[in-house]
Amino acid sequence: MSTFSGLNTAYTGLAAARQSLDVVGQNIANSNTVGYTRQRVTTSAIGSLGHVGPLAGAPRVGGGVSVDSIARLGNVYLDARVRTTAGVAGYSAVRANVMSGIEDSLREPGKNGLSAQMQEFWASWQGLANSSGVAASGGVVLEQAGVLVSQIARGYNEIDAQWTQVRSELGGMADELNSAATQVANLNVTIRSTLAAGGSVNELLDQRSALTTTMAALTGATVAERPDGTVDVLIAGNALVTGDTANPITVTGSFQMDGATDSPVRLEWAKRPGSAVALGGGEIAGALSMLAPANASGTGGSIAEAAESYNDLALSLAGQVNAIHRTGETKSGAPGGDFFSLGTGPAARSISVVPKDVGDLAAGAPGKGGLDGSNADAIAQIGTSAGAPDKIWTSFVTRTGVVARTELQQAALAELAAGSASSAQLANATVDLDEENVSLVMFQSAYQGAARVMTAVDEMLDTLINRTGIVGR
C-alpha cells in the first residue's frame, strides 16, 4: 500500500465525521419538532484490497470508512403499539364525551331537573285537591303543567342538537381521514422513488408515520409495510391506502331524530356505493355507535335512546293524566276532557296543555259538586304509583349515569394505555440534547483526528517527494 493511500483513508474519515456532524446538527435543530425521529449515520470499515500469490506480502490495513446510510432510529413495534392504542382511545373518548353531554343535559339531580319539575306538577294537583274552590290553585296547576311540557321539549331538543353536532363532527372526521389517506398515498410515491435513487427519506417517513397514527385514531387502522418502502393502510383487512392509491370513504344515511327518515348513518366506500366500511375502532366508530337508531331492546345508539326516553315520558305522562282527567268534572259540571294533547312528530316535542282556563280543570268527581277535589287528588297520586312517569324518568337517568360513568372509566384507561405507548415511542425516538452534545464532541474530535492524519501524510509525502536524494549534498 502506498503512502498516497493514507490520504484517501484520512479523507474518508473527514467525510464520515463531517456527515455525522451534519446529522447531529439536524437532530439538535429539530429537538422541538413534533413527530421528528432522531437520526444517526451508519458507517462501516472499508477493507484492504485482496492480494494473493507468492508476492502477497504482509497483512495490509483497510481503506478507511464508508458512510452507508443515515438511519432513522424509530421502532416499528412501538409505532404499531401507538396506532393500536390510539384507535381504542379514540373510540372510547368519543363515546365518553357524548355520554357526558347527555348526562349534563339532564340536570339531575337538582332543582332544574325534570324529577323536581314533575314533583312540583303533582304537588300542584294536590294543592288543587285541597283548595278546589280557589282559582289560584288551578292557576298553579296550569303554570306547572306549562313549565313541565316546556322542559320535556327542551330536553328533547338538546338531545336532537347533540345528535346533529355528532353527525356534523362525523362528516369532518371522514374528510380528515380522506385527506390523510391521499397524503399517505402521495408520500408512498415520493418515498419509493427517492429510495430507488439512493436518497434519504427519514423526514418523509416521519410525516407518513404521523398521518397513519391519525388514521388509526380515526378508524383503528393497521399498517403493513412493503419492501419498496411504501405502506398499505388497512381497515378491518380492507385497503384504505395501497401503494399510490387512496380509497376514499363517505358518510351516508339521513336518519333524523324527528322520525322524518329512517336511513341509518353509516360509512361506505365512495367508489363502491352501498358497500359499508367495517371499522375496528377509532373515533369514527365511536361516533357511529352514538348515532345508531334506537331499538326495542334499548341497545341502540345512546342519543336516539335518550330521545326515545323523553318520548316515553311524554306518552306516559299524557296517557295517565288524561285517563283520570276524563273521568272528572269541571267546576261548572262539564265532563273533563284530555289535559295533555300530542301533535304530530315526536311526543316530547309536540306535547302541550289543553286547558287554557282554570274552569276547564276537572278537579272533582261527577255529581259531587264544584268544590270537590277527589279527581285532582287521584291525578296527584299518579306520581307515587308503580307505573308513574317518574319511574320511567328515574330509570333513564340512572341508566344514563351508569353508562356515562362506565364510558368515562374506559376512556381514562384507554388514554393511559395510549399515553404509555406514546411515552415509550418518544423515549426511543425523541432527540436527547445531552446525547447529541456528547456526539457533537465525539465527531468533532474524530474530524480533528482525521485532519491530523491527513496533515501527517502530507508532510511524509513532502519529505518523500521533495527531500529524497538530497541528503549529503
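Before I show you around, one definition: when I speak of a helix, I mean a DSSP run of type H or I that is at least four residues long, and the helices are numbered from the N terminus. With that in hand, I can place Leu433, which belongs to helix 11, the run covering residues 433-466. Please keep in mind throughout that what you see above is a predicted model.

Let me stay with Leu433 for a moment. Its relative accessibility is 42%, and because buried means under 20% and exposed means over 50%, Leu433 counts as partly exposed. Together with Ile28 and Leu440, Leu433 makes a nonpolar surface patch of about 210 Å².

Helix 11 also brings us to the charged pairs. Side chains of opposite charge can pair when their charged atoms come close. Searching the whole structure gives 13 salt bridges, and I would like to take you through a few of them. In one of these, Arg40 is paired with Glu435, with 3.1 Å between the closest N and O atoms; since Arg40 sits in strand 1 and Glu435 in helix 11, this pair ties together parts of the chain that are 395 residues apart in sequence. Arg40 also meets Glu436 in a salt bridge, at 2.9 Å from N to O, and because Glu436 is again in helix 11 while Arg40 is in strand 1, the parts tied together here are 396 residues apart in sequence. As for their surroundings, Arg40 and Glu436 are both buried, whereas Glu435, with a relative accessible area of 32%, is partly exposed.

A further salt bridge joins the side chains of Glu158 and Arg107, at 2.8 Å from N to O. This pair, too, links distant parts of the chain, for Glu158 is in helix 4 and Arg107 is in the loop between helix 2 (76-106) and helix 3 (114-130), 51 residues apart. Returning to the earlier group, salt bridges with shared partners join Arg38, Arg40, Glu435 and Glu436 into one network.

Now, which residues have the most contacts inside the largest nonpolar core? That core has 79 residues, and the ones in question are Phe121, Trp125, Phe339 and Phe340. Its largest share, 20 residues, is contributed by helix 4, residues 135-196. If we look at Phe121 and set aside its neighbours within four places in sequence, we find it in contact with several residues, including Val141, Leu148, Leu317, Phe339 and Phe340.

Leu361 is worth locating as well, in the loop between strand 10 (351-353) and helix 9 (374-380). Is Leu361 buried or exposed? It is buried, because its relative accessible area is 5%. Beyond residues up to four places away in sequence, Leu361 touches, among others, Trp125, Val141, His325 and Phe339. By contrast, the C-alpha atoms of Leu361 and Thr394, which are 33 residues apart along the chain, are separated by 28 Å.

I will finish with Thr37, in the loop between helix 1 (4-29) and strand 1 (39-46). Thr37 has 6% relative accessibility and therefore counts as buried. Its side chain makes polar contacts with two other side chains that I can name, that of Asp206 at 3.0 Å and that of Arg72 at 3.5 Å. Apart from neighbours within four places in sequence, the residues in contact with Thr37 are Arg72, Leu73, Gly74, Asp206 and Ala429.

Conventions: Residues are numbered from 1 along each chain as its sequence is written. This is a predicted model: local features need pLDDT of at least 70, side-chain atom pairs count only at pLDDT 80 or more; totals for chains, interfaces and linings use all residues. Side-chain values use heavy atoms; hydrogens and water are left out. Helices (H or I, at least four residues) and strands (E, at least two) are DSSP runs, numbered from the N terminus. Buried means under 20% relative accessible area, exposed over 50%, partly exposed in between (1.4 Å probe, protein chains only). A polar contact is a pair of N or O atoms within 3.5 Å; within protein, one must be able to donate a hydrogen and the other to accept it, and residues adjacent in sequence count only if both atoms are side-chain atoms. Contact means heavy atoms within 4.5 Å. Patches are made of residues with over 30% relative accessible area and no salt bridge: like charges are joined within 9 Å, nonpolar side chains (Val, Leu, Ile, Met, Phe, Trp, Tyr) within 5 Å. Accessible areas come from the Shrake-Rupley method with a 1.4 Å probe; for residues, only the protein chains shown count as cover. A salt bridge is a side-chain nitrogen of Lys or Arg within 4 Å of a carboxyl oxygen of Asp or Glu. A nonpolar core is a set of buried Ala, Val, Leu, Ile, Met, Phe, Trp, Tyr and Cys residues joined through side-chain atoms within 4.5 Å.
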